[in-house]
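Hi,

Here is the structure I promised to pass on. Have a look at it first, and then read my notes underneath.

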Amino acid sequence: MSKYFPQPKIININSDVELIAFQCQDTVVQLASIPPGATFELHRHPESQIGMQIAGRLEININGTKEILEPLGQVYVAGSNVLHGSINPFSETALAFDVKRITNSDEAEEAILKVTATKAEITGFDCRSVVGSWFEIIITKIPPKGIIPIRQSANEIMAIVLNDKLTIAVAEEQQQLKYGSVYYAPANVLYGGYNSSDQTVSLIEILIKPHSNFSAKDAFSKTDVVRSPKAAASASLATS
Ligand SMILES: [Fe+2]
């Protein structure tokens with residue numbers, strides 16, 4: 001099974017709502033289809049969760065704060081063990097994605113973050129982005145025959161192709177992706193892409209900032225390892 005092109009796993013939340021989940025190392029990316037009238041009951045879990053609408057609208061509830069989410073307009077943020085849920089009171093089926101991960105982030109964050117227009121640094125393609133405490137989301141419009149140059153990042157990156165098809169290479173593997181699949185580029189692994197179609201293809205990239213699961217406790221225990229007697233002895237030899 002490919003680490004870079006994870007297999008989908010179907011999860012039935014209730015009779016109305018189905019999720020397609022992709023495990024990308026210690027992060028889960030889920031695609032949800034929420035028909036009119038369907039409800040995602042309020043719930044909480046240790047993982048932090050973020051999400052966005054792909055099509056249609058939803059009413060999200062984050063710990064009592066309610067907001068209508070527009071397609072590719074906002075990101076909602078539910079921290080660890082924060083109550084969250086949603087309903088679709090509209091007449092159109094809503095498509096959305098969410099990302100779940102243990103973050104240990106203590107940074108206070110707004111429940112709703114707005115997406116703003118920008119330009120991709122390397123390619124100059126039109127894009128929209130939003131930055132949070134442990135993540136960044138970038139939505140890029142890749143023109144026909146457009147190339148995403150081969151690159152590597154200090155961030156882990158997961159991405160969803162929204163329409164048509166995109167050829168994606170991660171390390172030595174290559175696949176044609178369309179909506180309903182995800183690719184995963186671990187930190188410092190080379191990846192790139194090509195739009196061979198004659199249509200503009202939209203790509204949502206989810207960047208996980210380095211050390212976003214690195215707690216103060218972990219940092220302390222790692223310091224302890226460095227200060228083991230053997231390490232301390234070699235450190236004093238090196239400085240003497
Ligand atoms: Fe959740």
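Below is what turned up, starting with the whole chain and then going sheet by sheet.

One thing to keep in mind: this is a predicted model. The protein chain has two helices and 21 strands, so you'll be looking at strands for most of this email. Of its 240 residues, 33% are buried. Now take the contacts between residues at least 6 apart in sequence: 67% of them join residues at least 24 apart.

A quick reminder before the sheets: strands of a sheet pair through backbone hydrogen bonds, either parallel or antiparallel.

Let's begin with the open sheet of seven strands. Its order is 1-2-3-10-5-8-11, and the pairing is antiparallel. Strand 1 (9–12) and strand 11 (112–114) sit at the edges, each pairing on one side only. Ignoring direction, neighbouring strands here are turned by 25° against each other on average. If you want a pair to zoom in on, try strand 5 (residues 48–55) and strand 10 (residues 94–101), which are joined by seven bridges in the antiparallel sense. There you can find Ala-55 with its bridge partner in strand 10, Leu-95.

Next is an open sheet of four strands, ordered 4-9-6-7 and again paired antiparallel. The edges are strand 4 (39–43) and strand 7 (65–69), and each pairs on one side only. From one strand to the next, the twist averages 20°. Strand 4 runs antiparallel to strand 9 (residues 84–87), with three bridges between them. Look for His-43 there: opposite it, in strand 9, stands His-84.

Have fun exploring!

Note on methods: Residues are numbered from 1 along each chain as its sequence is written. This is a predicted model: local features need pLDDT of at least 70, side-chain atom pairs count only at pLDDT 80 or more; totals for chains, interfaces and linings use all residues. Two strands pair if DSSP finds at least two bridges between them. Axes are lines fitted to C-alpha atoms, for helices over the stretch in contact, and angles run from 0 to 180 degrees between N-to-C directions. A residue is buried if 20 or more other C-beta atoms lie within 10 Å of its own, exposed if 12 or fewer, and partly exposed in between; C-beta atoms are placed from the backbone. Two residues are in contact if their C-beta atoms, placed from the backbone, lie within 7 Å.
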